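Here are a few exercises to help you find your way around a new structure. Have a look at it first, then try each task before reading its solution.

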Amino acid sequence: YAGKYERPPVTSYDLRVEGGMLRSGQSPGSSYVFYGPDVAFVSDAGAGGGYVGMPIEFIREATGAVRWIRVNGRIARKASVI
């Protein structure tokens, strides 16, 4: 799931694994909790923006690789792996 997801020209999301959790934004950043395969929500907004409870969904291509992220209903494409 870690990587940089871009939604030009509006925004990008940098997701990383830190302390065993998926996080985004400046440290400490937002924390994500998974509640099913490829679906999560923001559990702690931290300095990562968004809000507690914001829905996150990871979308896979036919090969099974994660290629997109849907944040609060908007899709961003994975640009690189961090």
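**Exercise 1: a ring and its surroundings**

Phenylalanine 58 has a relative accessible area of 3%, and your task is to decide whether the residue is buried or exposed. Keep in mind that you're working with a predicted model.

*Solution.* Start with the cut-off: buried means under 20% relative accessible area. Phenylalanine 58, at 3%, is therefore buried.

Now do the same for two other rings. Tyrosine 1 has a relative accessible area of 35%, so it goes down as partly exposed. Phenylalanine 34 is partly exposed too, with a value of 33%.

**Exercise 2: rings that meet**

Work out how the ring of tyrosine 1 sits against the ring of phenylalanine 58, and which parts of the chain the pair ties together.

*Solution.* First, take the geometry: the ring centres of tyrosine 1 and phenylalanine 58 are 4.5 Å apart, with 55° between the planes, so this pair is tilted. Next, place the partners: tyrosine 1 is in the segment before β1, while phenylalanine 58 belongs to strand β6, so the pair ties together parts 57 residues apart in sequence.

Then widen the search. The whole structure holds 5 aromatic pairs. One of them joins tyrosine 1 to phenylalanine 34, again tilted, at 4.9 Å centre to centre and 40° between the planes. Phenylalanine 34 is in strand β4 and tyrosine 1 comes before β1 (3-7), so this pair bridges 33 residues of sequence.

Last step: put the rings together. Tyr1, Tyr5, Phe34 and Phe58 are linked by ring pairs into a cluster.

**Exercise 3: following the strands**

Trace the strand pairings from β2 through to β6, and say in which sense the strands pair.

*Solution.* Begin with β2 (residues 11-18) and β3 (residues 21-24): they pair in the antiparallel sense over 4 bridges. Within this pairing, arginine 16 has arginine 23 as its bridge partner. The two strands make a hairpin with 2 residues between them, and glycine 19 in the turn has a positive phi of about 60°.

Move on to β3 and β4, which run antiparallel and are joined by 3 bridges. Here serine 24 stands opposite serine 30.

From β4 (residues 30-36), go to β5 (residues 39-44): 5 bridges, antiparallel. Glycine 36 is bridged to valine 39. This is another hairpin, with 2 residues between the strands and aspartate 38 in the turn at a positive phi of about 65°.

Finish with β5 and β6 (residues 55-60), antiparallel over 3 bridges. Phenylalanine 41 is found opposite proline 55.

Definitions and conventions
Residues are numbered from 1 along each chain as its sequence is written. This is a predicted model: local features need pLDDT of at least 70, side-chain atom pairs count only at pLDDT 80 or more; totals for chains, interfaces and linings use all residues. Side-chain values use heavy atoms; hydrogens and water are left out. Two strands pair if DSSP finds at least two bridges between them. Rings of Phe, Tyr and Trp (its six-membered ring) pair if their centres lie within 6.5 Å; planes under 30 degrees apart count as stacked, over 60 as edge-to-face and the rest as tilted. Buried means under 20% relative accessible area, exposed over 50%, partly exposed in between (1.4 Å probe, protein chains only).
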